[in-house]
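Take a moment with the chain shown below. We will walk from the whole fold down to a single residue.

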Amino acid sequence: MALYLLYESASGYSLFLAHGIDQIGQNTEAVRGSISDINRFGKVVQLAAFDPFESALDALNQCNSVSEGVMTDELRKFLEKNLPQVKEGKKPKFSLGVSEPKIGSHIFEETKIPCQSNEFVLELIRGVRLHFVTLLKSLKPGDLEKAQLGLGHSYSRAKVKFNVNRVDNMVIQAIFLLDTLDKDINSFSMRVREWYSWHFPELVKIVNDNYLYAKVSKYIKDKSTLSEDHLSDLTDLVGDEDKAKEIIEAAKASMGQDLSPLDLMNVQQFAQKVMDLAEYRKRLYDYLVSKMSDIAPNLASLIGEVVGARLISHAGSLTNLAKCPSSTLQILGAEKALFRALKTRGNTPKYGLIFHSSFIGRASARNKGRMARYLANKCSIASRIDCFADSSSTVFGEKLREQVEERLDFYDKGVAPRKNIDVMKSAIESTQSKDTEMETEEASGKKSKKKKSKVADNGDAMAVDEPAATTNGDAAEGKSEKKKKKKDKRKLDQEDQPMEDANNEHAEEDGTAKKKKKKSKHDNGDDIQAASDVKKKKKKKSKSEDSD
């Protein structure tokens with residue numbers, strides 16, 4: 001049976017035919033010995049066909065598909081063209097050796113070409129890779145290295161390419177740093193308390209907060225200098241006038257020892273460092289909240305930013321968290337307890353990191369396990385939406401949080417919650433309505449831009465026509481005056497309408513007199529026209545006599 005070898009290089013697909021397989025007996029040791037010698041290996045393996053890639057982009061696409069175990073149309077055409085045809089109902093007399101079993105199974109499903117990927121085939125492909133330049137004589141020296149370098153860079157760049165605003169690695173680092181800062185601030189603040197208590201031991205019982213204690217100790221410095229003049233400043237620091245008075249009274253009757261100025265300066269510097277760390281911790285928390293709103297908004301709105309970030313960091317990434325089933329997510333962070341329970345055949349843990357959520361604390365003791373299972377279910381849904389959704393929104397997270405609240409009420413009061421189908425339908429409708437609103441806003445923005453451009457064009461045209469407008473200014477003024485007169489007449493007519501109804505009787509009496517006046521005016525006009533016609537005829541006669 002003939003054995004063909006498929007080799008995917010950076011420059012193209014190549015097909016090699018292995019001769020003398022029956023004589024070798026598929027002995028891997030013999031193949032390993034013949035690989036190093038090109039003369040022996042060249043007699044066994046020979047080039048059958050080569051199909052170069054059209055461009056670097058084509059090479060990248062082919063490489064991505066091969067790495068995912070998918071046969072492209074170009075590879076299918078290449079194999080069907082250069083391999084013997086597989087007849088239906090007959091056993092093929094050849095096989096194709098591939099380096100990846102996944103792509104071999106896909107080739108067999110699509111083309112019915114028998115593929116194999118075993119240790120013997122891998123050794124042959126390793127020899128092909130070693131002597132590829134000498135076996136393929138059409139390549140120039142250095143071409144393969146350049147193609148490999150360019151394809152390697154583009155392939156790595158495509159694999160690493162991601163959305164900058166959705167980098168879950170930043171969340172993982174931020175939550176690790178936040179936990180470390182909490183431990184460090186607690187230990188450092190305890191050191192400040194112990195150090196300053198040698199000088200002012202009564203302050204520990206008055207001020208309980210670590211950050212506030214560091215601020216007060218830095219302000220007081222030497223307790224002997226503290227007096228009633230510092231009451232207003234201490235009140236601003238502590239936030240309570242009674243507590244500030246208590247501090248001043250305790251400083252007067254303090255049992256602590258005196259410290260040298262150098263020791264006080266070191267205590268103040270260390271207290272300032274603790275304050276700086278606490279302020280940086282607040283800024284880091286704000287940064288974590290903003291990143292979680294970009295990366296996993298639904299998970300953050302459901303369970304909180306800190307717990308959601310801890311889940312993502314423990315799973316390794318948002319994608320890994322989305323792949324976890326809800327049963328795994330429920331006990332995420334309690335692996336030691338789980339394996340100890342499995343080993344000792346005891347009770348398995350009910351919750352892991354999600355125990356820090358407020359929902360578990362609000363549930364009763366008998367319902368904590370149920371609540372943890374239900375919350376893990378909703379967290380897995382929210383993480384999958386955040387991971388695979390194209391657009392980020394908090395609609396689904398808010399709806400899932402409402403469901404968890406309803407489940408709490410159901411466990412405590414017996415109020416029946418809504419069905420999951422109804423809640424998801426309402427969430428989808430709200431997201432669609434938001435999308436339509438965004439589209440309408442974009443369309444209105446485009447229309448306003450077009451109107452502005454049209455107005456600008458009209459303004460330019462008016463600027464060009466300014467001289468003509470100045471020459472016709474008098475005419476325009478005359479037209480405007482006529483329009484004003486017409487408007488005034490209309491107003492007067494509207495004002496005189498009620499007066500006409502009141503004076504109808506007088507109008508009827510005076511109607512006959514007005515008609516007589518009009519007739520006399522018409523008669524006078526006819527007489528004037530006749531006189532003018534006579535004068536014109538006389539002038540014409542005089543002109544005709546002069547011409548004769």
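Among contacts in the chain between residues at least 6 apart in sequence, what percentage join residues at least 24 apart? The figure is 67%. Keep in mind that this is a predicted model.

Start with the overall inventory. The chain holds 27 helices and five strands. It has 548 residues, and 33% of them are buried.

Turn next to the strands. All five form one open sheet. Their order across the sheet is 3-2-1-4-5, and the pairing is mixed. Strand 3, residues 45-52, stands at one edge, and strand 5, residues 115-116, at the other. Each of these edge strands has a single partner strand, so one side of each is left without a neighbour in the sheet. In general, strands of a sheet pair through backbone hydrogen bonds, either parallel or antiparallel.

One pairing inside this sheet is worth a look. Strand 1 covers residues 2-8, and strand 4 covers residues 94-97. The two pair in the parallel sense, over four bridges. To find this pairing in the model, begin at Leu 3. Its bridge partner in strand 4 is Ser 95.

Now move along to a pair of helices. Helix 13 spans residues 231-238, and helix 14 spans residues 241-252. The axes of helix 13 and helix 14 lie 8 Å apart, at an angle of about 125°. How should that angle be described? Angles over 145 degrees count as roughly antiparallel, and 65 to 115 as roughly perpendicular. The pair falls in neither range, and helix 13 and helix 14 are therefore oblique to each other. Their crossing is right-handed.

Which residues meet there? Helix 13 brings Leu 231, Leu 234, Thr 235 and Val 238. Helix 14 meets them with Glu 241, Lys 243, Ala 244, Lys 245, Ile 247 and Ile 248. By class, this contact has six nonpolar, one polar and three charged residues.

Follow the chain out of helix 14. A loop leads from there to helix 15, residues 261-295, and Met 255 lies in that loop. Is Met 255 buried or exposed? Its relative accessible area is 73%. The cut-off for exposed is over 50%, so Met 255 is exposed.

Met 255 still has partners from elsewhere in the sequence. Leaving aside its neighbours within four places, Met 255 is in contact with Glu 202 and Lys 223. Pro 201 is 54 residues away from Met 255 along the chain, yet their C-alpha atoms are separated by 7.3 Å.

Key:
Residues are numbered from 1 along each chain as its sequence is written. This is a predicted model: local features need pLDDT of at least 70, side-chain atom pairs count only at pLDDT 80 or more; totals for chains, interfaces and linings use all residues. Side-chain values use heavy atoms; hydrogens and water are left out. Buried means under 20% relative accessible area, exposed over 50%, partly exposed in between (1.4 Å probe, protein chains only). Contact means heavy atoms within 4.5 Å. Axes are lines fitted to C-alpha atoms, for helices over the stretch in contact, and angles run from 0 to 180 degrees between N-to-C directions. Angles under 35 degrees count as roughly parallel, over 145 as roughly antiparallel, 65 to 115 as roughly perpendicular and the rest as oblique. A crossing is left-handed if the near helix is turned anticlockwise from the far one by less than a right angle, and right-handed if clockwise. Ala, Val, Leu, Ile, Met, Phe, Trp, Tyr, Cys and Pro count as nonpolar, Asp, Glu, Lys and Arg as charged, and the others, Gly among them, as polar. Two strands pair if DSSP finds at least two bridges between them.
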